[in-house]
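Trainee: Please give me a close look at one part of this protein, the way its strands pair, and begin with the search for disulfides. I would like each term to come with its cut-offs.

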Amino acid sequence: MTLIESAADRQSTALAPDLRSLPDRAARAWTERMAVRPRAGSTYAVTTESDSTYLVDIARRSCSCPDNRIRGERCKHLRRVAIEITARRVAPPGKQRAVCDACGTVTFVAADAGPPHLCGSCRLETGDIVRDRETGDRLVVTAVTDTAADDGTIEATDETVADYDTNNGYPPDDLVVLAAYLSDAVSASEPREYAFPLSRLRRVEDAELVGGGSQ
């Protein structure tokens, strides 16, 4: 492996493409004003500067415009939909844009997904192995709820998850995650569940499980 010295990466670079080097249709896809709206399946409606609307099917790589339908060209409308999906301005087929309920970033979730909506960094699923940031203990997730920590009540203490002493400092609007200690989940037929604010738990990666790391 060859490491790249930081000095070698100091040259100023534009992130947008150099429009002078692009084919005409690609340059117009980047620069012209268009509105892209998701439709059913893999289709998108693209309205152009001239107020014309065309139907793009991203899966079939087709567009209802003459440039694609008659000339067989990869038109600016097809290119624009691809750009907007890559830039996360519109959702890819089968997905919808949503605000992550945990961190507030814009993410994509399944079109039929109900709450909670979580981004890839925050998403936990039933069966995931997680580590308690406070104690280092490993647990298995039994449920991810759509209840905020300052609304969820711990029955044993009759206080909210947010108010529980060891949860001090975690966001009160964190979603409540239910989890069982890994040793109990393995040995007990009905392991006891505990409630945690989502950000207190860190997903344990496969490599860490195999290596038996404790961090």
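**Sulfur atoms, strands and a pocket**

Mentor: A search of the whole structure finds 0 disulfides, where a disulfide is a pair of cysteine sulfur atoms within 2.5 Å. Cysteine 75 belongs to no disulfide, and its nearest cysteine sulfur, on cysteine 65, lies 3.6 Å away; cysteine 75 is also buried, at 0% relative accessibility (buried means under 20% relative accessible area, exposed over 50% and partly exposed in between, with a 1.4 Å probe and protein chains only). Cysteine 103 is likewise in no disulfide, with the sulfur of cysteine 100 as the nearest cysteine sulfur at 3.7 Å, but cysteine 103 is partly exposed, with a relative accessible area of 42%.

All of this rests on a predicted model, in which local features need a pLDDT of at least 70 and side-chain atom pairs count only at pLDDT 80 or more, while totals for chains, interfaces and linings use all residues. Residues are numbered from 1 along each chain as its sequence is written, and side-chain values use heavy atoms, with hydrogens and water left out. The mean pLDDT (the predictor's confidence in each residue, from 0 to 100) is 85 for the protein, and 88% of the residues score at least 70. Among the elements (DSSP runs numbered from the N terminus, with helices being H or I of at least four residues and strands E of at least two), strand 4, residues 62-63, has the highest mean pLDDT at 98, whereas helix 5, residues 206-211, has the lowest at 51.

Strand 4 is a convenient place to begin with the pairing. It belongs to an open sheet of 4 strands with the order 1-2-3-4 and antiparallel pairing (two strands pair if DSSP finds at least two bridges between them). Strand 1 (35-38) and strand 4 stand at the edges of this sheet with a single partner strand each, and therefore one side of each has no neighbour in the sheet. The partner side of strand 4 is seen in its antiparallel pairing with strand 3, residues 53-57, over 2 bridges, where valine 56 stands opposite cysteine 63 of strand 4.

Further along the chain, strand 7 can be followed through two pairings. With strand 8 it runs antiparallel and is joined by 3 bridges; in these, valine 130 has leucine 139 of strand 8 as its bridge partner, and arginine 131 has arginine 138 of strand 8. The hairpin of these strands has 5 residues between them, and there glycine 136 takes a positive phi near 85°. Strand 7 is also joined by 3 bridges to strand 13, residues 201-203, again running antiparallel, and in that pairing the bridge partner of valine 130 is arginine 203. In a regular strand the side chains alternate between the two faces of the sheet. For strand 7, Ile129 and Arg131 point one way while Val130 and Asp132 point the other, and all are buried.

Strand 8 continues the picture through strand 11, with which it pairs in the antiparallel sense over 6 bridges, alanine 148 having leucine 175 of strand 11 as its bridge partner. Strand 11 is itself mostly covered, with 5 of its 7 residues buried, and 4 bridges join it to strand 12, which runs antiparallel to it. In that pairing, valine 176 stands opposite proline 197 of strand 12.

Several of these strands return around the largest pocket, which holds about 530 Å³ of space. Here a pocket is an open set of points on a 1 Å grid over the protein atoms alone, where a 1.4 Å probe fits, with protein on both sides within 12 Å along at least five of seven lines, and lining residues have an atom within 4 Å of a point; grid points are joined across faces, edges and corners, and the volume is the space filled by probe spheres set on the points. The lining comprises 22 residues, with Ile154, Val161, Glu193, Tyr194 and Ala195 nearest the centre. Two or more lining residues come from each of strand 8 (138-148), strand 9 (153-154), strand 11 (175-181) and strand 12 (194-197). By class, the lining holds 10 nonpolar, 7 polar and 5 charged residues, where Ala, Val, Leu, Ile, Met, Phe, Trp, Tyr, Cys and Pro count as nonpolar, Asp, Glu, Lys and Arg as charged, and the others, Gly among them, as polar.
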